[in-house]
Amino acid sequence: MSASSSLAALEQGLLADIAAAADLAGLDAVRVAALGKKGSISAEMAKLGQLPAEERKGFGQAVNQVKEKVAAALEARKAALESAALAERLASERADVTLPVRPGPEAEGRIHPVSQVLDECIEIFASMGFEVAEGPDIETDEMNFGKLNIPAEHPARQEHDTFYFGTRPDGSRLLLRTHTSPVQIRTMQSRKPPIRIIAPGRVYRCDSDQTHTPMFHQIEGLVIDETTHMGHLKWVLEEFCKAFFEVDEVKMRFRASHFPFTEPSMEVDIGAEAIGKPGRWLEILGCGMVHPNVLRNCGLDPDKYQGFAFGMGLDRLTMLKYGIPDLRAFFAADLRWLRHYGFSVLDVPTLGGGLSS
Ligand code: PHE
């Protein structure tokens, strides 16, 4: 066979192998067998050295042409195989976005009713211009009682069933706060009026039965400026109750009461028709106008500043709104209870979209 016809045969053979390569790995094997160091085309090139000088140029050009054709065929086949592989992958990984959402952890998880109700309350008060403030669970007796106009030996200290820590060398005592009212003090000490805050958080009292647990939640409210009066207090609470219980009208009863840190002081009941049980009154919070002594204790001049405060039980609000009978179950970490009473993660309460769905 002449040199040129054997080259033509080599080319045909390689082009046929390239066309037959079924995948990228097979194609690469053909490439190595042709163009690799020990490949068939490289072997033809190696023959150049042995040829007489007058044949070298022509043979060299012929081999180069074969090499170029084969390289171009390899390139083309590679592109074709790659796009076929991509098309196959796209077809096999096709997602039908109209299918319903697969139930994953987000659908399984539940928001605790107290967290949900806290979000509802924050949403309502935020719409009235209140900010959220916080304070620590461990307080001094000065913050929890003293600054709130509850001196040592005051009977209110006994009423609170306080969890005390040991007495410190300077005679002060640490305790678990029995109410969120110390956040009033912290707020008035750290900033100037006008003040409009709510302070949600955990509180602790040594008490336990169907409606009492040693730890529970309150939301404190505090408004201080130069002109706020009891009419504002009543309006804020009434607007809150209507929004919270999602009713147009709510019957409210303000009963005279006593708290050392407010004067006058009131307890507030709502007519139970708001929760679909007409004919009964339900106590939901304590409130009053901030006592001048408390303002003074925080360095505010009671002749210039005044305002109101309220404190309500978050757990109790939750029980009332969502008809949950036993408070202790709130903290029992029973998954069945949480699945029954809990809220979907996606069920974010907003005034625009509706507090509860
Ligand atoms: N701190 C009071 C309680 O725990 C509630 C309250 C707060 C009353 C603010 C009046 C004003 O019972």
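This report describes the overall form of a predicted protein model and the surroundings of its ligand.

Because the model is predicted, local features need pLDDT of at least 70 and side-chain atom pairs count only at pLDDT 80 or more, while totals for chains, interfaces and linings use all residues. Residues are numbered from 1 along each chain as its sequence is written, and side-chain values use heavy atoms, with hydrogens and water left out.

The protein chain has 13 helices and 12 strands, which are DSSP runs numbered from the N terminus (helices are H or I with at least four residues, strands E with at least two). Its C-alpha atoms fill a box of roughly 120 × 50 × 40 Å along the principal axes.

Around the ligand there are 14 residues, of which H179, S181, R205, Q218 and E220 come nearest; a residue is near a molecule if one of its heavy atoms lies within 4 Å of it. This shell divides into five nonpolar, seven polar and two charged residues, where Asp, Glu, Lys and Arg count as charged, Ala, Val, Leu, Ile, Met, Phe, Trp, Tyr, Cys and Pro as nonpolar, and the others, Gly among them, as polar. The strands β7 (215-225), β10 (281-290) and β11 (306-313) each supply at least two residues of the shell, and β11 gives the most, with three residues.

Three polar contacts (pairs of N or O atoms within 3.5 Å) link side chains to the ligand.

| Side chain | Ligand atom | Distance |
|---|---|---|
| H179 | nitrogen | 3.0 Å |
| R205 | oxygen | 3.0 Å |
| Q218 | oxygen | 3.0 Å |

Taken alone, the ligand exposes 320 Å², and the protein buries 92% of that, with accessible areas coming from the Shrake-Rupley method with a 1.4 Å probe.

Technical notes. Polar contact = N/O pair within 3.5 Å; in protein donor to acceptor, adjacent residues only side chain to side chain.
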